[in-house]
Amino acid sequence: MAVRIVVGVNWGDEGKGRMVDYFSKDADYVIRYQGGNNAGHTVVNEFGTFKLHLIPSGIFYKHVINVLGPGTVINLEVAVDELQQLKNKGIPIHEGNYKISNRAMICFPFHILQDEYEEERLGEGGFGSTKQGIAPVYGDKYLKYGIQIGTLFHPEYLKEQIARCLDLKNRLFENVYHKPPVHVDDMFTWAMKFGKVLMPYVCDTIQLLEDAQKSSKTILLEAQLGTLRDIHYGIYPYTTSSCPLSSFGVIGAGLFGGDHEKPIVTGVMKAFSTCVGAGPFVTEIRGEIADTLREIAHEYGAATGRPRRIGYFDAVASRYGAKLQNTTEIALTKLDSLSKQKTLKICTHYKIGEKIIDYFPITPELMLAKPVYIDLPGWDEDISNIRDFQKLPRPSKNYVETIEKLVGIPIRYISVGPERNALIIR
């Protein structure tokens, strides 16, 4: 059995969706193993342009079975809406090619309310949440108040669990946030209304994947966000609330046992840096250069539409991110967006006070860090139609090779456009 894991090396939004879409042609299963609809994967193919928030990016291939693993959290209403939108565009989705783990958690409307209320309470000290309820639902999971999607098949138990959770939530809503309570019947009705549409896709994915492993199927694991948003090793507390690291893939996907080789871990990173939300961002640039690059590269959040913060390539952060992901190869995206730049900067070290460091520190030190740059010449040529690395302009080859040397992982794929075939393979 062959396993590939596609992960983000940086802050998320690196272009994982386009790489999963590319690799899916050779996969039997594509599995999302963490996160919810708080981020999106943009895929451009012969069917059009899609921003996927829950359904795995392998859905565009008829032979692929797409799975939402037990490590995910699922807003039932969003999942139904996404399902219907794809079907309306002619994408075939049925019980045979779309599976949802019965152990995945339900993200309820009251989780979204809690997310919004907390950001409102924090004011300028907020975490830059997407306000999709992700932190509250993961919080409930570890507080043992979470509700698994499989409970939809047991309505009485489901209602009891909603009541149990709301007994605590409403105390918080009324006494801390000074907001109205949420009613059990409303949440139960919501869950059953949208859950009814999804129930045909819900199953025990452990057994499903056990059978896949016995049949030596090819499995592709798809992460959301990136290393620097990891709850354990990211820019805490400005992180997501799950683990997007490749090492969590087995747990989040429910992929146990089986005789398989060491997985290929494809780490995806941009040819420059972007970041959505709050938190330290050492190489951030503002003004005309950032604004122009944002428009050229269409750097707006797939889930929220928020403009992404723009920065020069950060080799310190990228080396750290690649290491923690156990990355075996790199896919470098959006190299084409850097055409027409006269000079390109790469951050090689951080300076904190009088100290120069080449490692990625914890958040309070990051907030004091200043970038140490090297300058490289840019290029004027449009490279979007190039498919051979040797045919790239010398400055762009030099830029890629410099990044490769600094990060220490071979760059095998270079995207020069959003389309599926706009890819240089080294």
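Q: Why is Gly40 called buried or exposed in this model?
A: In this predicted model, Gly40 has a relative accessible area of 13%. Buried means under 20%, so Gly40 counts as buried.

Q: Where is Gly40 found?
A: Gly40 is found in the loop between β2 (29-32) and β3 (41-45).

Q: How far apart are Gly40 and Arg426 in sequence and in space?
A: Gly40 and Arg426 are 386 residues apart in sequence. From C-alpha to C-alpha, they are 27 Å apart in space.

Q: Why does Lys340 count as buried or exposed?
A: The relative accessibility of Lys340 is 59%. Exposed means over 50%, and therefore Lys340 counts as exposed. Lys340 lies in the loop between β16 (329-333) and β17 (343-352).

Q: What makes the phi of Lys340 notable, given that it is not a glycine?
A: Most residues other than glycine have a negative phi. Lys340 is not a glycine, yet has a positive phi of about 80°.

Q: Which value of phi does Ser216 have, and where does Ser216 lie?
A: Ser216 has a positive phi of about 55°, although Ser216 is not a glycine. Ser216 lies in the loop between α7 (205-214) and β10.

Q: What is the omega of the peptide bond that joins Tyr236 and Pro237, and is this bond cis or trans?
A: Omega is about 10°, and the bond between Tyr236 and Pro237 is cis. Most peptide bonds are trans. Pro237 is found in the loop between β10 (219-226) and α8 (249-253).

How values were computed: Residues numbered from 1 in each chain as written. Predicted model: local features only at pLDDT ≥ 70, side-chain atom pairs only at ≥ 80, totals over all residues. Heavy atoms only, no water. Helix = DSSP H or I, 4+ residues; strand = E, 2+ residues; numbered from the N terminus. Buried < 20%, exposed > 50% of the residue type's maximum accessible area, 1.4 Å probe, protein only.
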